[in-house]
Structures are given as C-alpha cells and as structure tokens.
Amino acid sequence: MEILPLLFITALVAYVLALGSLDLARTTIRVLTLFCAAFCLVAWGIACLRYEDWGQPVIDEFYATALIVRRLDPETAGLALILGALVPICFGLFEMWRLKVTRSGQLKENER
C-alpha cells in the first residue's frame, strides 16, 4: 500500500507523456495508466471506508487523500474516491474503443 502514491503519480505522468498519438504502443500505455490510476483510487476509497480498522495509515500516508478525509468524513471520502475512479475507467474504455475504430478503418482501407 505504500507504493500507491508513486503508482498513481507515475500513471498520470505516463498518461500525459503518451498523449497525442494513436499508435498501438501509446494507446496501450494510456489505457494501462488510466486503469492503474483507477485501481489506486478504488484502493484508497476502500481504505477510507475501513478507516478505523486498517485504512488510516494508508490514507494518512498520501497528503492528497489525507486532505480529502479531513474535508469530508471517511465514508463520504471513500465513496467519492470510488466514484472518482469511474472517470479514468471511462477514459480507458474510450481509448480502447477509439483504437478499435481506428484499426477497423485502417483494415477497410487496406482491403480496397
């Protein structure tokens, strides 16, 4: 759980660096980084929901999640983080759909 902040920040940076191209490698990197970011948000959300049991060290370790818990109660923060994970998941699914449409369009052009 200590590597969640590193994984989250690295995923966001890698996503930004891979923007701007529709080739397979960069699209795969973008999809994987979005799903990694979503995984981190869900893990922090679950830790917020279990804040009193085992989640407090996980949440207090990363300044951003500690700030969210201070502003909201742990249950609301947990639900907000889990719902927030839907954003990168939707972007990842959109990237996969865009790659599929692009590849099928290229295949149709090659058949001509």
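**Helix packing around H4: a short walk through**

Let me start on the outside, with the face of H4 that is turned away from its buried side: the exposed residues there are Tyr 63, Arg 70 and Arg 71. Before I go on, please keep in mind that this is a predicted model.

So what sits on the other side? Helix H4 runs over residues 63-71, and its buried residues are Thr 65, Ala 66 and Val 69. If you look down the axis of H4, these buried residues fall within an arc of 100°, so they line one face of the helix. The general background is familiar to everyone here: an α-helix has 3.6 residues a turn, so residues three or four places apart point the same way.

Now, which helices cover those buried residues? The cover includes helix H2 (24-49), helix H3 (51-61) and helix H5 (74-84).

Let me take the contact of H3 with H4. The two pack at an angle of about 130°, and their axes are 5 Å apart. That angle makes H3 oblique to H4. From the H3 side, the residues that take part are Tyr 51, Val 58, Ile 59, Asp 60 and Glu 61, and they meet Tyr 63, Thr 65, Ala 66 and Val 69 in H4. Sorted by class, this contact has 6 nonpolar, 1 polar and 2 charged residues. You will recognise Thr 65, Ala 66 and Val 69 from the buried list of H4, and Tyr 63 from the exposed face.

Next, H2 with H3. Here the packing angle is about 135°, with the axes 6 Å apart. H2 and H3 are therefore oblique to each other. On the H2 side we have Trp 44, Ile 46, Ala 47, Cys 48 and Leu 49, and these meet Tyr 51, Trp 54, Gly 55, Val 58 and Ile 59 in H3. By class, the residues of the contact of H2 with H3 divide into 9 nonpolar, 1 polar and no charged. Please hold on to Trp 44, which belongs to the H2 side of that contact, as we will need it in a moment.

On to the aromatic rings. How many aromatic pairs does the structure hold? There are 3. One of them is formed by Phe 8 and Trp 44, and it is edge-to-face, at 5.4 Å centre to centre with 70° between the planes. This pair links distant parts of the chain: Phe 8 sits in helix H1 (residues 4-17) and Trp 44 in helix H2, 36 residues apart. Are these two buried or exposed? Phe 8 is buried, and Trp 44 is buried as well. Together with Phe 62, they form one aromatic cluster.

Let me finish with a few individual residues, going to the start of the chain. Met 1 lies in the segment before H1. With a relative accessible area of 45%, Met 1 is partly exposed. Leaving aside neighbours within four places in sequence, what does Met 1 touch? Its contacts are Trp 54, Val 58 and Glu 61. Take Val 58 among these: Met 1 and Val 58 are 57 residues apart in sequence, yet 6.4 Å apart in space, C-alpha to C-alpha. Val 58 has come up before, in the contact of H2 with H3 and in that of H3 with H4.

In helix H2 I would like to point out two residues. One is Thr 27, which counts as buried at 1% relative accessibility. Beyond its neighbours within four places in sequence, Thr 27 is in contact with Ser 21, Leu 22, Glu 95 and Leu 99. The other is Arg 26, also found in H2. At 38% relative accessibility, Arg 26 counts as partly exposed. With neighbours within four places in sequence again left out, Arg 26 is in contact with Ala 18, Leu 19 and Ser 21. As for Ala 14, Arg 26 is 12 residues from it in sequence and 9.7 Å from it in space, C-alpha to C-alpha.

Finally, Leu 6 in helix H1. Leu 6 is exposed, with a relative accessible area of 59%. Leu 99, which we just met as a contact of Thr 27, is 93 residues from Leu 6 in sequence and 28 Å from it in space, C-alpha to C-alpha.

Thanks for listening, and I am happy to take questions.

Conventions. Residues numbered from 1 in each chain as written. Predicted model: local features only at pLDDT ≥ 70, side-chain atom pairs only at ≥ 80, totals over all residues. Heavy atoms only, no water. Buried < 20%, exposed > 50% of the residue type's maximum accessible area, 1.4 Å probe, protein only. Helix = DSSP H or I, 4+ residues; strand = E, 2+ residues; numbered from the N terminus. Arc of directions from axis to C-beta. Contact = heavy atoms within 4.5 Å. Axes fitted to C-alpha atoms, helices over the stretch in contact; angles between N-to-C directions. Parallel < 35°, antiparallel > 145°, perpendicular 65-115°, else oblique. Nonpolar A, V, L, I, M, F, W, Y, C, P; charged D, E, K, R; others polar. Phe/Tyr/Trp six-rings, centres within 6.5 Å; stacked < 30°, edge-to-face > 60°.
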